[in-house]
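Student: I have a two-part puzzle to work through today, and I'd love some company. Could you take my questions one at a time?

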Amino acid sequence: MLRRILAGLCLGIVACAAAGAADTLTIPPIAFKQRTLANGLQVIAIEDHTSPTVAVQVWYHVGSKDDPAGRSGFAHLFEHLMFKATKHLKAEQFDRLTEDVGGHNNASTNDDFTNYYEAVPSNHLQRLLWAEAERMAYLTVDAASFKSERAVVEEELRQRVLASPYGRLFNAVPKDSYQVHPYKRPGIGSIEELEAASLDDVIAFHKTYYRPDYATLIVAGDFDPAELDKWVDAYFAPLQKPASAIPRVTAVEPKWSEDRRYSEHGPNVPLPAVVLAWLGPPARSADDAALSIASALLSNGDSSRLHQALVYRQQIAQRVNFDASAQADNGLITAFAILASGHQPAEAEQAILAEVRKLATEPIAPAELEKVKTKLLTQALSQLQTAEGKAFAVGEAVLLKGDASAANSDLEALQAVSAEDVQRVVKQYVIDAHRVTIDYTQQAGKPAAPPKAAKGAAK
Amino acid sequence: MIRHPNRFTMVALSALLAAANSAHAADAASGTDALPAPGPARKVSIPVAQDKLLPNGLRVVVARRTATPLVSVALYVRSGAEIDPPSLAGLTDLTAGLLDQGTTTRSAPQIAEAADALGGSLGTGAGFDASQVSISVTTPKLAAAIDLLADVTRNPAFAPEEIERERKQMLDDLRVALSQPGSIARFVAARAVYGDGAYGHPAGGTPASLPRIQRDDIVKLHDTFYRPDNATLVFAGDIDLERAVQLAERSFGDWKAPATALPSPPVGQGVRALPPTIAIDLPGTGQAAVTAVHAGIARSSAEFYPGIVADAVLGGSYSARLSEEIRIKRGLSYGARSALDTRRQAGSFGGSAQTKNSSAVEVAGLLLGEFERLSSAPPDADELAARKATLSGNFGFSLETTRGLLGQVANLAVYGLPLDELAHYLDKVQAVTADQVRTFALAHLGHDGMSVIVAGDAQQFGDALGKAYPKSERFTIAALDLDSPTLKPAAK
C-alpha cells in the first residue's frame with residue numbers, strides 16, 4: 001500500500017489503519033515571509049500564535065571553516081564572547097533579557113555557520129531585537145572576560161574530547177578524512193591554538209564577519225507583523241554594510257583517489273570503535289534527499305538494516321549509526337560502530353560494507369521505503385511543534401542550501417525518493433568511491449579498567 | 001559546540017514574569033542607544049489533564065494539546081529499580097528492556113518493524129519509582145500504537161536468547177558509563193545518599209549483578225508488578241479523554257490484576273556507610289567530575305516548591321549561582337549545575353561540575369561555599385524573581401511539545417499527585433518566599449551528612465583532596481563495588 005499525497009505544499013503521511021483503510025495526514029508547510037534590508041540583512045518572519053512566546057535567531061554566515069590560520073577553534077571561542085559586553089550592554093546581559101524573564105538563550109558554532117538563538121515571552125521581542133542589533137554592531141569584549149571565557153572553552157574541549165570515551169575519535173574523523181578543505185580542522189580547536197588567540201583577533205574577527213549582509217535574522221512565534229517590521233527597521237536598518245568584501249572559503253575537497261586507513265587511540269576506551277567515511281555532495285545537491293532516505297534505511301530505528309544486522313543478529317556492535325551530514329560544501333557520509341565486547345573493528349567494518357552493498361544491489365521493498373518516509377516525516381512534525389523548531393528548520397535551509405523554502409521542499413523531496421534513487425546514490429557516493437577507515441582502540445600500555453563482570457559471572 | 005549544556009528540554013512562556021525585568025528597563029530612555037521596555041505580558045494557557053479509572057484498576061490520564069496531530073503516550077508501571085532484590089541490581093530495568101524484545105505472538109524484529117512503520121520508536125526502561133514503555137506517533141497511527149504498547153506490556157516472551165542479548169548490551173553500556181567521570185560520580189553519589197537503601201544501586205545494574213539474573217527472576221517480577229492496578233496509561237497531545245478511554249479499554253480492558261496484594265516497596269533511604277569525601281581514580285581521563293550531595297525530600301513533600309525554587313537559585317540555569325561562581329567568574333567548568341532529585345520515598349539535593357583534574361579541590365570548595373551562602377542568607381528580591389521566572393518559563397516551554405507535556409503530567413500521575421497541580425504550578429512557584437529558600441537550603445545542604453565525590457585522574461588531585469578533607473578515602477575504578485554500600489566487596 002503505497003501512496004503519496006502532495007496537496008499543494010502540503011505533505012502527506014500515508015497512514016494504514018489496521019483494517020487496511022488509509023488515513024492521510026498533512027503537514028502544513030512552514031509559512032514564512034522574507035525581505036532583505038538595504039544593508040543586506042535577510043529577515044525571515046514566521047507568525048505562529050500557538051503560545052505567547054517568540055523565538056529570535058541570528059544566523060551568521062561564518063563558521064569553524066573560517067577559523068583563521070593557526071587559530072583552530074576560534075569561531076567557536078568567538079561565539080562565547082558574543083555574550084560579553086557591548087557598547088550599551090553589560091557582560092551576560094543577554095541572560096538578564098532572556099533567563100531572568102522566563103526565556104532561554106544559547107548559541108552554536110557549526111562548520112558553516114554560527115547561530116545565536118533565544119526564546120522569550122512574546123512581550124519581550126522588541127528588547128531582543130534591539131539587543132541582537134547591538135551585538136552585531138558594537139561588541140566590546142575586555143581582556144578579563146576574554147581570558148575567563150577562553151578557560152571555559154578549554155574546559156568544554158576537555159569535557160567533549162578528553163574526558164569522553166569517544167571524544168578523541170569524533171575529533172579525528174574530519175582531521176583524518178579531509179585532505180584539503182578546512183572542515184578538516186576540529187571546530188573545538190586545541191588548547192595550544194586557543195591559548196594563542198588574542199583580544200586583537202576577536203576585534204578583527206567581529207569586524208570581518210559579523211555584518212548585516214552576511215547574517216539572517218529569523219523571528220518565529222507570537223508577534224504582530226507590522227510591529228516586527230517597525231522594530232527591525234529601527235534597530236537593524238541603521239547598521240552599516242562594510243565596504244570590504246567578506247573572505248570566503250574557496251577550497252574544494254577533491255574526489256579521493258585512494259582508500260586510506262588510520263588508527264586512533266585514547267586512554268579510556270571501554271569498547272573499540274570504527275568509522276568509515278566517504279565524501280558526500282554539498283547539502284544543496286539534488287541527491288541530498290536520496291542520501292537521507294538511504295541513511296534512514298540503514299540506521300533510523302531498531303528495525304533499520306545496520307541495527308538488525310550488527311546489533312541484533314550478529315551481536316558484534318553495541319551501537320551503529322549511518323549519516324550523510326548536510327554541509328554547505330562537500331560533507332562526509334559516515335558509518336560509525338562501537339563494538340560489542342569481545343569484537344574487533346574489522347568485524348564491524350566488514351558487516352557494514354556488506355549491508356551497504358546489499359542496499360545498493362538488492363531490491364528494496366516498497367513497504368520498507370514507506371516505513372522510513374513515515375518515520376522521517378513524523379520526526380519532522382515533532383520538530384515543527386514549536387516556533388523555535390520552525391525557526392531552526394528555516395535557518396538550516398538558508399545556511400546550508402541557500403534557500404529558506406528548502407525547509408518545506410525538502411520534506412516533499414523525501415516523499416519523492418524512489419528505490420532506484422537510493423541505489424544510485426549509494427553506488428555513486430559509497431560503493432564506487434574511495435573511503436577512509438578509522439579504527440579506535442585503547443592506548444597501548446594502559447589497559448582500560450576491566451569491568452568485574454568476568455568474576456561476577458563465574459558466580 | 002554550543003554555548004552551554006542545556007538542562008531543560010525546551011522553550012519559553014510569560015505571564016507573571018514581567019516584573020523581574022523592571023530594573024533593567026529603567027536603563028532605557030528612547031532612541032536606539034537604549035534598551036526598550038517590555039510590553040504587557042500575555043497569559044499562558046495551561047492544558048487541563050483529566051483521568052479515568054478503568055474497572056480493572058488501570059488509570060488513564062490525558063493532557064490535551066491540539067496544535068499538532070501528534071500524540072505521545074506511555075504506559076507506566078509504578079514500580080522501578082527500587083524493587084530490585086539486593087543482589088540483583090538491574091533486574092527491573094532488564095525486565096522493562098525485554099518487553100519489546102519479543103512477545104508470545106511477535107518476534108523482536110517484528111516489534112521493531114511495527115513501531116518504526118508507525119513512525120515512532122518504542123522506548124522501554126526503568127528508573128526509580130517507575131518502569132515505562134512509550135511511543136510518539138501521528139494521530140492516525142495511535143490505535144495501532146496502543147495495540148503494540150499493550151502487547152509488549154502484557155505478553156512479553158522473555159526468550160532465553162533475548163535475555164542474553166539484552167544482558168550483554170547492558171553490560172556493555174555499563175562499561176561505557178564506567179569509563180566516564182560524570183557517570184561514575186553519579187553512581188557513587190547514590191550510594192553516599194541512600195546507603196544500603198533500595199535507592200542506592202545503579203538502576204542499570206552492576207557488572208557483578210547482571211550476570212546473576214535468571215529468567216525466573218524476570219518472569220516473577222513481571223507477574224508480580226505488571227498489573228493494571230499498578231499501572232497508568234498517559235496520553236499527551238491531540239486526543240480527548242473519551243477517545244483515550246476507548247483505546248485503553250480495547251487494548252487493556254481484559255488485563256486482569258492478580259488476586260494477590262501488590263507487595264509494598266522496600267525502603268528507599270537506607271543506612272549510610274561511606275566516609276564524607278570519596279575520590280575515584282580513573283587514570284588518564286581529561287577531567288574530574290566533582291559532586292557534593294545531601295539527602296533531600298520526597299516528591300510528595302510539602303517543601304517541594306521551596307525545593308525547586310532553591311534549586312533554581314542555586315544552580316538551575318546558566319545564570320544561577322553555581323554557574324556564576326564556577327563558570328562565569330572563574331572559567332573552571334563548561335557547566336556547573338545543581339540537582340534536586342525527588343523520589344517517592346526520599347530524595348537528594350546537591351551540585352556538580354566537571355573541571356580539569358588539577359582544579360577539582362577548588363571546585364569542591366566552591367560548591368560547598370555556595371551551599372553555605374544559600375543556607376545562611378535569603379536571596380534578594382531581584383535574584384529570587386529572576387530565578388522564579390526562569391523556572392516558570394521552562395515549565396511553559398515544556399508544555400509546547402507532546403513529549404514535554406507527557407513528562408509533566410506523568411510525573412504527577414506516577415506519584416499520585418492531583419492532576420490540577422499543573423494549573424497551580426506557576427502560582428505555587430511565585431508563592432515561595434526568600435526565607436523558605438534559605439530554610440530549605442539549611443535543612444538539605446548542611447554540613448552534616450554532606451558527601452563530596454570526585455571522580456577523575458586522582459594522581460592530579462588526590463593529595464590535595466586528602467589535605468583539604470582529611471576524612472577522605474580513595475578507590476580505584478577497578479575495585480569499585482557498586483553493589484556494596486561501602487563500595488568495597490563484602491568480606492568473604
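Student: Into which domains is chain A divided?
Tutor: Happy to help! This is a predicted model, in which local features need pLDDT of at least 70 and side-chain atom pairs count only at pLDDT 80 or more, while totals for chains, interfaces and linings use all residues. Residues are numbered from 1 along each chain as its sequence is written, and chains are lettered from A and ligands numbered from 1 in the order in which they are written. The domain bounds, which come from an automatic or database domain assignment, split chain A into domain 1 (33–235) and domain 2 (260–444).

Student: How many residues does each domain of chain A give to the contact?
Tutor: The C-alpha centres of domain 1 of chain A and domain 2 of chain A are 28 Å apart. Two residues are in contact if their C-beta atoms, placed from the backbone, lie within 7 Å. On that basis the contact takes 29 residues from domain 1 of chain A and 27 residues from domain 2 of chain A.

Student: Which element gives the most to the side of domain 1 of chain A that touches domain 2 of chain A?
Tutor: Helices (H or I, at least four residues) and strands (E, at least two) are DSSP runs, numbered from the N terminus. Strand E5 (42–47), strand E6 (53–60), strand E8 (114–121), helix H5 (167–177) and strand E9 (215–221) of chain A each supply at least two residues to this side of domain 1. With 6 residues, the one that gives the most is H5(A).

Student: And what is the strand order of the open sheet in chain A?
Tutor: Two strands pair if DSSP finds at least two bridges between them. The open sheet has 5 strands with mixed pairing. Its order in chain A is E10-E14-E11-E13-E12.

Student: Why is one side of E10 and of E12 in chain A left without a neighbour in the sheet?
Tutor: Strand E10 (260–266) and strand E12 (317–324) of chain A stand at the edges of the sheet. One side of each is without a neighbour because each has a single partner strand.

Student: In which sense do E10(A) and E14(A) pair, and over how many bridges?
Tutor: Strand E14 of chain A covers residues 436–442. A:Arg260 stands opposite A:Val436 in E14(A). The pairing of E10(A) and E14(A) is parallel, over 7 bridges.

Student: At about what angle does H5(A) run to E14(A)?
Tutor: Axes are lines fitted to C-alpha atoms, for helices over the stretch in contact, and angles run from 0 to 180 degrees between N-to-C directions. H5(A) lies across E10, strand E11 (273–279), strand E13 (332–339) and E14 of chain A. Its angle to E14(A) is about 150°.

Student: Which strands does helix H10 of chain A lie across?
Tutor: Helix H10 of chain A covers residues 305–313 and runs at about 155° to E12(A). The strands that H10 lies across are E12 and E13 of chain A.

Student: Is A:Ala365 buried or exposed?
Tutor: A:Ala365 lies in the loop between helix H11 (345–361) and helix H12 (366–383) of chain A. A residue is buried if 20 or more other C-beta atoms, placed from the backbone, lie within 10 Å of its own, exposed if 12 or fewer, and partly exposed in between. With 10 other C-beta atoms within 10 Å, A:Ala365 is exposed.

Student: What share of the residues of chain B count as buried?
Tutor: Chain B has 16 helices and 12 strands. Its C-alpha trace spans about 70 × 65 × 40 Å along the principal axes. Of its 492 residues, the buried share is 59%.

Student: Which residue in the turn between E1(B) and E2(B) has a positive phi?
Tutor: Strand E1 (residues 49–53) and strand E2 (residues 59–64) of chain B run antiparallel, joined by 5 bridges. B:Gln50 stands opposite B:Val62 in E2(B). The two strands form a hairpin with 5 residues between them, and the turn residue with a positive phi, of about 100°, is B:Gly57.

Student: Finally, which element gives the most to the side of chain B that touches chain A?
Tutor: The contact takes 92 residues from chain B and 86 residues from chain A. Elements that give two or more residues to the chain B side include helix H3 (108–117), helix H5 (160–177) and helix H12 (381–398) of chain B. The one that gives the most, with 8 residues, is H5(B).
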